[in-house]
Amino acid sequence: MASLEAVRSKSASRTRWLLISPAVLVVIIGAIAPLLVIVTYSFLTPGPTGGVNYTLSFDAWTRVLFDRDVFDDTLTLSGTNLEILLRSLLLSLATTVLCLLVGFPTAYFIATRNPLNREVWLLLVTVPFWTNLLIRTFAIQDLIRNEGIINTLLIKTGFISEPIQMLFTNFAICLGLVYVYLPLMILPVYASLERQDRSLLEAASDLYARPFNVLREIIVPLAKPGIIAGSILVFIPAIGTYVTPILLGGGRNLMIGNYIEFQFGQGRDWPFGSALSLALMAIVMVALLVYIRHGDSHGHEHG
Amino acid sequence: MAKAFPVTHQRGFGTVAITTFIFLYAPLAVALVFAFNAGTSPAKWGGFSLRWFQSAANNQQVISASILSLKLAAISAILSTTLATLAALAMSRTPRFRGWTLAYSAISFPLMVPEIVTAVALLVVTATFRGWTGYSGLGYLVLAHTAFCVPFAYLPIRARLQTMDISLERAAGDLYASPWNAFRFVTMPLLFPGILAGFILAFVTSLDDVVITEFVKTAGQDTLPTYMLGQVRRTITPEVNAIAAVFLLISVALVMCIYVVNQRTKIN
């Protein structure tokens, strides 16, 4: 009998893998394998017109952070590369903090409506999120350009006489990123707020806690998993952004995504571009590890 | 003594929330309104007109880019939803088996890699393959889009499977339904909202993509997003606003679609 069981479970296992493998195979071909190619390329040297020469070298990796002196071969911290890395980090961190400052009260507002209205408010958060990212970025661009509606209104009302240069600044990039990724903060924070036990707030209030203390001592600590999940969800796409700096930052305020693209285009330095890509991935992995250790594990249980 | 406010009240949160909603909608509203502007200024109203819709509809590049976008989104959404459904059926509601974590990590892999990294990696690989095989058709774009759509299609389907009552299928089996009939008449109808949500999510994700498409495409393979990105360096005409208005309408319709299906088929 045991052997019959074994045969049956073996055939069940075969069916199972037959069903799983097409999806896994497509992801391997379309995402995992290309990434492994990039890993390989990061240890090679650049070819003369793009491409790579097959000689082992750690040079690309060294250059992520250091400049090699042409004469005496000494390494110094690379100004340009560090500046771009630092700007990307700062802009995406600023975006995350701003999203949290704006998103938390909004999520709280939605979570404290009555259940029917909540659905409507949530729908209002999701509609912009489902709208094409490029189009939302164009909308911001139109709004803040020198001849845009904000500057026009400010000039007409006499607040300013010259248009304020907002487009093609770090401010514009940050604004665009907040605008595009805000729903990714609101939704998980809302999810963790909505689950909270209202009676805790009543108890605190009965014991004469002031609203701010209730917020600080009860609501925020309980919403921590949602806050972390939202922050990671905003931070990861923000640091890897490619489109926003092009549209809102002009040519001058590059972020790491654009720098990577440059290496594969005009820069013709595929190994360095590969190393930069993997450095970006490493930052993302660190963020994901934070999420796995402290973030919202609810809804991610296996099965 | 009656309390002045309910216990949930936090001063200023309402104001921030309302401001946030204005912030979310004002730029889109302005773009929408100025799509109907007769003038070319992004700030001065020159009267109502449909000229930008007409000029977009007569622009050959816009037409072919729109067709390619929709074709690509439809093909990759169908493919990724099918693959994701099969995988989800095999991986949900079963005791954990050897290789589960590996399969799950593989399927959610595209979600964890920054788009630009996947894009340059695919650029390198497709450039090499084009050189080797001479083939430069739509296949590369279809494969790339299907791959990054798989996790988006997978998640809602799995979520639906997890909330489904397995005893219904057992009951069908007890009443001598063949496995196929049990699947067709019990599992499938119950799973349908999840599949639809997965399909729509995959469709929108493909339609929305600009970075990966930009790096994988060859000449003449512009989708609507890559076409618009290409227009950045030139002066922006309200034509883009007209395209945006249409896109906005599509996304509102799709969100409503999911919302209605979810409301109607809520599992209690």
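**Exercise 1. Helices around H7(A)**

H3(A) and H7(A) are oblique to each other; work out which crossing angle lies behind that label. Keep in mind throughout that this is a predicted model.

*Solution.*
- Step one, get the geometry: H3(A) covers residues 79-111, and its axis and that of H7(A) come within 6 Å, crossing at roughly 45°.
- Step two, apply the cut-offs: under 35 degrees would be roughly parallel, and 65 to 115 would be roughly perpendicular. The pair H3(A) and H7(A) therefore ends up as oblique.
- Step three, add the hand: H3(A) passes H7(A) in a right-handed crossing.
- Step four, look at who is touching: the contact of H3(A) with H7(A) has 22 nonpolar, 5 polar and 2 charged residues.

**Exercise 2. Two more partners for H7(A)**

Now take H4(A) with H7(A), then H7(A) with H10(A). Classify each pair by orientation and give the hand of each crossing.

*Solution.*
- Start with H4(A), residues 115-130: its axis and the axis of H7(A) come within 9 Å, at a crossing angle of roughly 155°.
- Anything over 145 degrees counts as roughly antiparallel, so H4(A) and H7(A) get that label.
- The hand here is left: H4(A) passes H7(A) in a left-handed crossing.
- Next is H10(A), residues 224-239, which packs with H7(A) at an angle of about 160°, the axes being 7 Å apart.
- H7(A) and H10(A) are therefore roughly antiparallel too.
- For the hand, H7(A) passes H10(A) in a right-handed crossing.

**Exercise 3. Backbone oddities in the loops**

Phe168(A) and Arg268(A) both deserve a look at their phi angles. For each one, find the sign of phi, place the residue in its loop and decide how exposed it is.

*Solution.*
- First, the background: most residues other than glycine have a negative phi.
- Phe168(A) isn't a glycine, yet its phi is positive, at about 65°.
- Where does Phe168(A) sit? You'll find Phe168(A) in the loop between H6 (149-156) and H7 (170-194) of chain A.
- Its relative accessibility is 32%, so Phe168(A) counts as partly exposed.
- Arg268(A) isn't a glycine either, and its phi is positive at about 50°.
- Arg268(A) belongs to the loop between H12 (256-264) and H13 (270-294) of chain A.
- With 45% relative accessibility, Arg268(A) counts as partly exposed, because that falls between the 20% and 50% cut-offs.

**Exercise 4. Either side of the Arg268(A) loop**

How many residues of H12(A) are buried? Then hop over to H13(A) and sort Met285(A) and Ile292(A) by accessibility.

*Solution.*
- H12(A) is mostly covered, with 7 of its 9 residues buried.
- The buried set runs Ile256(A), Gly257(A), Asn258(A), Tyr259(A), Ile260(A), Gln263(A) and Phe264(A).
- Met285(A) lies in H13(A), and its relative accessibility of 30% makes Met285(A) partly exposed.
- Ile292(A) is in H13(A) as well; its relative accessible area is 63%, so Ile292(A) is exposed.
- Now a couple of distances: Met285(A) and Phe58(A) are 227 residues apart in sequence, and their C-alpha atoms are 22 Å apart.
- Ile292(A) and Val102(A), 190 residues apart in sequence, have a C-alpha to C-alpha distance of 24 Å.

**Exercise 5. A residue in chain B**

Is Asn59(B) buried or exposed? Locate Asn59(B) too, and find how far it lies from Pro27(B).

*Solution.*
- Asn59(B) is in the loop between H2 (51-58) and H3 of chain B.
- Its relative accessibility is 18%; since buried means under 20%, Asn59(B) counts as buried.
- Pro27(B) is 32 residues away along the chain, and the two C-alpha atoms are separated by 25 Å.

**Exercise 6. The second largest pocket**

Which elements line the second largest pocket, and which one gives the most?

*Solution.*
- Size first: the volume is about 700 Å³.
- There are 20 lining residues, and the closest to the centre are Leu19(A), Leu89(B), Arg93(B), Thr94(B) and Glu169(B).
- Two or more residues each come from H1 (2-41) of chain A and from H3 (60-91), H7 (166-174) and H8 (179-208) of chain B.
- H8(B) gives the most, with 5 residues.
- By class, the lining has 11 nonpolar, 6 polar and 3 charged residues.

Definitions and conventions
Residues numbered from 1 in each chain as written. Chains lettered and ligands numbered in written order. Predicted model: local features only at pLDDT ≥ 70, side-chain atom pairs only at ≥ 80, totals over all residues. Heavy atoms only, no water. Helix = DSSP H or I, 4+ residues; strand = E, 2+ residues; numbered from the N terminus. Buried < 20%, exposed > 50% of the residue type's maximum accessible area, 1.4 Å probe, protein only. Axes fitted to C-alpha atoms, helices over the stretch in contact; angles between N-to-C directions. Left-handed = near helix turned anticlockwise from the far one by under 90°. Nonpolar A, V, L, I, M, F, W, Y, C, P; charged D, E, K, R; others polar. 1 Å grid on protein atoms, 1.4 Å probe; cavity = no way out; pocket = protein on both sides within 12 Å on 5 of 7 lines; lining within 4 Å. Points joined across faces, edges and corners; volume = space filled by probe spheres on them.
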